[in-house]
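Biologist: I have the model open next to the sequence, could you walk me through it?
Modeller: Gladly, ask away once it is on the screen.

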Amino acid sequence: MPAENQGAATDIQSILQEKRVFPPPRDFAASAHIKSLDEYRAMYDRSLEDPEAFWAEAARELHWYKPFTRVLEWKLPDARWFDGGLLNACHNCVDRQIEAGHGAEVAIIWEGEPIGAGGRPEIRRLTYDDLEYETAKLANVLDGLGVNRGEVVTIYMGMVPELVIAVLACARIGAPHSVIFGGFSATAIADRVTDAKSKVIITCDGAWRRGKIVSLKDNVDEAIHLASGVVSHTIVLKRCGNKIRMVEGRDHDWHEVMSQAEPDRDPTPMNAEDLLFILYTSGTTGKPKGIMHTTGGYSVYTYLTAKYIFDLHHGQNQVYWCTADVGWVTGHSYIIYGILPNRVPTFMYEGAPNHPEPDRFWDIIERHKVTQFYTAPTAIRAFMKWGEEHPGKHDLSSLRLLGTVGEPINPEAWMWYHRVIGGERCPIVDTWWQTETGGILITPLPGAIPTKPGSCTLPFFGIDAAVVDEQGVEKPANTGGLLAIRKPWPGMLRGVYGDRNRFIDAYFKRIKGMYFPADGARRDEDGYYWIMGRVDDVINVAGHRLGTMEVESALVSHTSVAEAAVVGMPHEIKGQGLAAFVTLKTGQTATEDLRTELINHVAREIGHIAKPDQLRFTDALPKTRSGKIMRRLLREIAEGHAPRGDTTTLEDFSVLAKLRENEES
Ligand code: PRX
């Protein structure tokens, strides 16, 4: 945490004056799992008074090969949940439903991006029987490639059902998966496979995105080259038919190996605390951290949160759709692990929301009669911009619940979502959580908690949240402070892969005795939480988390760059965008071509999501006397005025910096 940010959050004054309150629709509440605020409060109180009893009861809703003997062992920062118990996450998603007689029911509904000749997209429906058959075969393929229990398998695929099959096959044999979002570059893949020592990558030839093919396999080839000696095998699903290179003995065709694989493979009973997956996410340094989640706690937490928050009921023709990519934690938790054990079909869409037209999502909702729809504020803002006529063309009456995640939602977008998509009849769950938390921590329960646009409302069962100062003392109502979680919960991260110190430093150091998510927040007079955003050098760009340091490292790795500073700036659609300030090495000239090259260089190093929205050349970065970059000043500059028309002119912020020096040092 840079010193300049210390204390900043505790001084935050909220400027939001949102007074509207929306009670849960009466007919929704009548059939919901949790039907009233009183019921929520009673259950919440019980969950905090006796968390072990609460979570033991929840855990027993899943299948265990051997029951746990201890619910929780907590030695800060280490939590162990459900010790002594044996379970398998794939079994709980798939086999268990078959054993209960539901094998022929639909588990996944999938729609491809391309629209076929008849004007129809490709649609696939996979039952629990299909999932068992496919995951068992792939598990055997992985066995055959020498993947042992505990060895990390990397998955880098587009949004196809085989991605879920790959994830579940890893879980089936106890090989932790590391899914890398398809938008990341070869360098990013290489860093991650090296960190995880991952010998096998499961990938696709390409992925469809807005009518174009993203050549995933080419990126994998380059990554294998960069991570020299780490990867020995790949399995390649041919989805797009683009031309790829297959290396004999190293690269295996998915369909070929699957057609030869045995279809029987029982899930391996795993210890509750065995690693289920790693998911890399950005932090305040240049190196992403591998967030670790284990089998028992994560399975229980995602299952229970999904059930209550999305109000999942099997046997009622529900179709649940989360628009996230499986490459992010939202996809892990609320496309796969939280949804399948609830036995409600999880819908997956392969491509872009505006392909071929900006009404694609609404077309999908109408075609598949989607009942729960979970998306991000950035998407909602894009829909607003594209216009009401697009949802207006479709029958959205199947919808009964809407959700958002990823960043604070501005009340205007909330109201639009409520009115235009929800027809003023669907509750909205604004869910606050993080990669590290595994599942949703603060959220409305749709039948119980009245909502206020822009607030993620109240903590979920078992979550002891608070807004505190640097000393961990609770702040009075309506005063900005640091968000903290005071007690462990089953879905919490168990570590940062290979970096014990970073785990402690990032989450348990700043506020003594509590988990610190690095968000600022305030609680209003009703106890409702209003998230104010990150208080570290991490920003949420279009709901994706990016460390400004990562982008800075990428920029300075270019031969012509001497120094770089990257800050967040407001962005109409993305919520926040990236502004980069660059000083060049002596002898280098600022040109328009160089600017484009630097932006593309960031895309090559990290991925297109990290491309700066503004890149300005300056002959010096404004610094304090002690040499610290004055980021707050840069943020103001990025917000305050657009770069000069001629962006190659060297701007000089040193005068401004001098004026500010006393204030910031
Ligand atoms: O700043 C918070 C913001 O997203 C961060 C977590 O990012 P990531 O680990 O990528 O996970 C995103 C999906 C769970 C948080 O620290 N954030 C997430 N949801 C919300 C939010 N901010 C406000 N309101 C939310 N509902």
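Biologist: Which residues gather in a patch of negative charge on the surface?
Modeller: That patch is formed by Asp45, Glu49, Asp50 and Glu52. Patches take residues with over 30% relative accessible area and no salt bridge, like charges being joined within 9 Å and nonpolar side chains (Val, Leu, Ile, Met, Phe, Trp, Tyr) within 5 Å. Lys and Arg count as positive and Asp and Glu as negative, while His and the chain ends are not counted, and the place of a charge is NZ of Lys, CZ of Arg, CG of Asp or CD of Glu.

Biologist: What should I keep in mind about the numbers?
Modeller: This is a predicted model, in which local features need pLDDT of at least 70 and side-chain atom pairs count only at pLDDT 80 or more, whereas totals for chains, interfaces and linings use all residues. Residues are numbered from 1 along each chain as its sequence is written, and side-chain values use heavy atoms, with hydrogens and water left out.

Biologist: Back to Asp45, where does it lie, and is it buried or exposed?
Modeller: Asp45 lies in helix α2, residues 37-49, and it is partly exposed, with a relative accessible area of 41%. Buried means under 20% relative accessible area, exposed over 50%, and partly exposed in between, with areas from the Shrake-Rupley method and a 1.4 Å probe, only the protein chains shown counting as cover for residues.

Biologist: And the whole thing, how many helices and strands?
Modeller: The protein has 20 helices and 31 strands, where helices (H or I, at least four residues) and strands (E, at least two) are DSSP runs numbered from the N terminus. Its radius of gyration is 24 Å, close to the 26 Å that the globule rule gives for 665 residues, so the protein is as compact as a globular protein of that length; the radius is taken over C-alpha atoms, and the rule is 2.2 Å times the number of residues to the power 0.38. Of the 665 residues, 63% count as buried.

Biologist: Changing topic, how many salt bridges are there?
Modeller: The count comes to 41 salt bridges, taking a side-chain nitrogen of Lys or Arg within 4 Å of a carboxyl oxygen of Asp or Glu. One of them joins Arg500 to Asp78, with the closest N and O atoms 2.7 Å apart. That pair links distant parts of the chain, Arg500 being in helix α16 (residues 500-508) and Asp78 in strand β2 (residues 78-83), 422 residues apart.

Biologist: Which residues are linked in a network of salt bridges?
Modeller: Asp464, Glu474, Arg486, Lys487 and Arg523 are linked that way. Within that group, Asp464 and Arg486 form a salt bridge whose closest N and O atoms are 3.1 Å apart. Asp464 lies in the loop between β20 (428-431) and β21 (465-468) and Arg486 in the loop between β22 (481-485) and β23 (495-496), so the pair ties together parts 22 residues apart in sequence.

Biologist: Are those two partners, Asp464 and Arg486, buried or partly exposed?
Modeller: Asp464 counts as buried at 8% relative accessibility, whereas Arg486 counts as partly exposed at 29%.

Biologist: Last one, where does Glu350 lie?
Modeller: Glu350 lies in the loop between β17 (346-349) and α12 (360-368), and at 6% relative accessibility it counts as buried. The C-alpha atoms of Glu350 and Glu111 are separated by 6.3 Å, although the two residues are 239 residues apart along the chain.

Methods:
Buried means under 20% relative accessible area, exposed over 50%, partly exposed in between (1.4 Å probe, protein chains only).
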